Amino acid sequence: MFPTRNPRRAALVAAAAALLTIAPIGVTAAQAQVTRVRQGSATDVSRAAWSGPAYTMNGSGGIVTATMSRAVDAIRGGTGTIDVVVVAGSGSGTPECDVITKLTGVNSCTTLTLTAARDGNDSQANTDIRNAEFVYFAGGDQCNYVAWKGTALEASVESVVAKGGGVGGGSAGHHVNSDIVYDACAASATSSTALANPYDRSLTFTTGMFRWPNYANTINDSHFVTRDRMGRTMAFVARAVKDGLASGGKAWGVGVEEGASLYIDRNGLATLSGPSAYVVLGDHQPEVAVSGQPLTYTNFKIWKLTSGQTYDFANRPTCGYYLKSVRAGVPDGSLYSGTPVTDCSTPPPPSGGSSYAEAEPNDSRTAANDITALTYPATVTGDMKSGTDRDYFALTLASGQTLTVNCAIPTAYDADLYLLSSTGSTLTRSVNDGAGTDESVTLTRTTSGSATYYVDLEAYSGSGTADYSCTLTRS
């Protein structure tokens, strides 16, 4: 168990005065906003090239020596030493540097405690960061960290990675290193709260701060199993997809358990040290993600990692996951385990629903495939056999029911999605450009009684035998 950030650790700092330089930067002690504590050599290493980048993503605040040592060795290329900076938003101790300075290949470790947003522009702090080869964000409050977005500190940290150094963090420091940051600036979300209302005030995000190579469209979470955070990560991912925070309509949650750490090398390959980590993929629009309503999202794809296992963020896997869903705010059981899918050639049906493969001819409303008997959520599959192919499917909706259709389109063709009335009028459509671009529509029947509706998928350009897969939910 590594020590936590605690002001009382100042006594240890004083005891090690021979190794330390302690100074508030730019202000008197009574007014100090930035505190600098340097351990090890007082002179920075100077070298023309470094061999990173390398990253450590920790589920709790303390240093995990196995991954930190790998990062240090990777950056220095097995020879020489590096300088490390720990950035903290509170406290006056040096628990991270106390561990880091004992590792092979470390020349110095400097703890910078910045307590205000303006401290991100402090000149000495930014000089220390730019001269370092690894920056570690300590545990604490990630809302304090995102306040440095747009300051000189952001660019300084990015310069460390750009020169072949590295970056990492634990707990709050893990959060701030993802592409989409759950910032917790209003409150800390629980899984039950997030699933009951994915737009609860506690779910707030910061984007556009750090985007590390191979790590786009990620949302980090920490203390993952111990604090039962799978549910809230599912809500984070659904929000990222629904609100367009992630590009390409997909988002990956990265949840790391306490005491665990992901080491990510320069090629994007992550290796876990410690108990467990989870990658949670949302690859379609949520069936229901509306303010004040519980979340419905079928078929999150989840990869569970145990110590020594890997996940390739540069070439993200499309198989080996298990499936879990959330319906009306209620998640499937046993969220932290499942049977991995090993045959991913055919998209699986949503858990709890049924599936249907198109039967030609179904090129008009009168020839539509009847899918009224399917149980929901349902999966409908087929292909665009020609550049003029149309596939129609007939179903019914009762008053007050909402239908959502999410279609995953293969890269062989571009297809557009329409939802038609019983008379053939277009009620809503999705006509995104590009082969392999997914389509999604939602409609609520507001009039009394029930009626027939048609799902119409039309080839726009291209054709082929590769299957599209449409998930239909009705609520």
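Colleague: Where does Asn214 sit?
Modeller: Ground rules: this is a predicted model, in which local features need pLDDT of at least 70, side-chain atom pairs count only at pLDDT 80 or more, and totals for chains, interfaces and linings use all residues. Residues are numbered from 1 along each chain as its sequence is written, and side-chain values use heavy atoms, with hydrogens and water left out. Helices (H or I, at least four residues) and strands (E, at least two) are DSSP runs, numbered from the N terminus. With those labels, Asn214 falls in the loop between β9 (205-207) and β10.

Colleague: What phi does Asn214 have?
Modeller: Most residues other than glycine have a negative phi. Asn214 is not a glycine, yet its phi is positive, at about 70 degrees.

Colleague: And Asp228, is that buried, exposed or partly exposed?
Modeller: Asp228 lies in the loop between β10 and α9, and this non-glycine also has a positive phi, of about 50 degrees. The cut-offs are under 20% relative accessible area for buried and over 50% for exposed, with partly exposed in between (1.4 Å probe, protein chains only). Asp228 has 39% relative accessibility, so it counts as partly exposed.

Colleague: Which proline follows Glu360 through a cis peptide bond, and in which loop?
Modeller: Omega is near 0 degrees for the bond from Glu360 to its proline. That proline is Pro361, placed in the loop between β19 (355-357) and β20 (369-370).

Colleague: What precedes Pro377 across its cis bond?
Modeller: Pro377 sits in the loop between β20 and β21 (378-382). Omega is about 0 degrees there, and the residue joined to Pro377 is Tyr376.

Colleague: Why is β5 called largely enclosed?
Modeller: The strand covers residues 106-114. It counts as largely enclosed by the rest of the structure because the buried residues number nine of the nine.

Colleague: In which sense does β2 pair with β5, parallel or antiparallel?
Modeller: Strands count as paired if DSSP finds at least two bridges between them. β2 (residues 34-40) and β5 share seven bridges, with Val34 partnered by Leu114. Their sense is antiparallel.

Colleague: Which strand makes a right-handed β-α-β unit with α3 and β5?
Modeller: Right-handed means that, with the strands pointing away from the viewer, the path from the first strand over the helix to the second runs clockwise. The strand in question runs parallel to β5 over seven bridges, and its Val85 stands opposite Thr110. With helix α3 (residues 95-100) and β5, the unit is made by β4.

Colleague: How many aromatic pairs are there?
Modeller: Rings of Phe, Tyr and Trp (its six-membered ring) pair if their centres lie within 6.5 Å; planes under 30 degrees apart are stacked, over 60 edge-to-face, and the rest tilted. Searching the whole structure on that basis gives 17.

Colleague: How are Phe210 and Trp212 arranged?
Modeller: Phe210 and Trp212 are both buried, and they belong to a ring cluster with Tyr55, Phe137, Tyr145 and Trp148. Their centres are 4.9 Å apart and the planes differ by 20 degrees, making the pair stacked.

Colleague: How many residues separate Phe224 and Tyr278?
Modeller: These two form a tilted pair, 5.6 Å centre to centre with 35 degrees between the planes. Phe224 is in the loop between β10 (218-221) and α9 (230-242), while Tyr278 is in strand β14 (residues 276-282). The pair links distant parts of the chain, and the separation is 54 residues.
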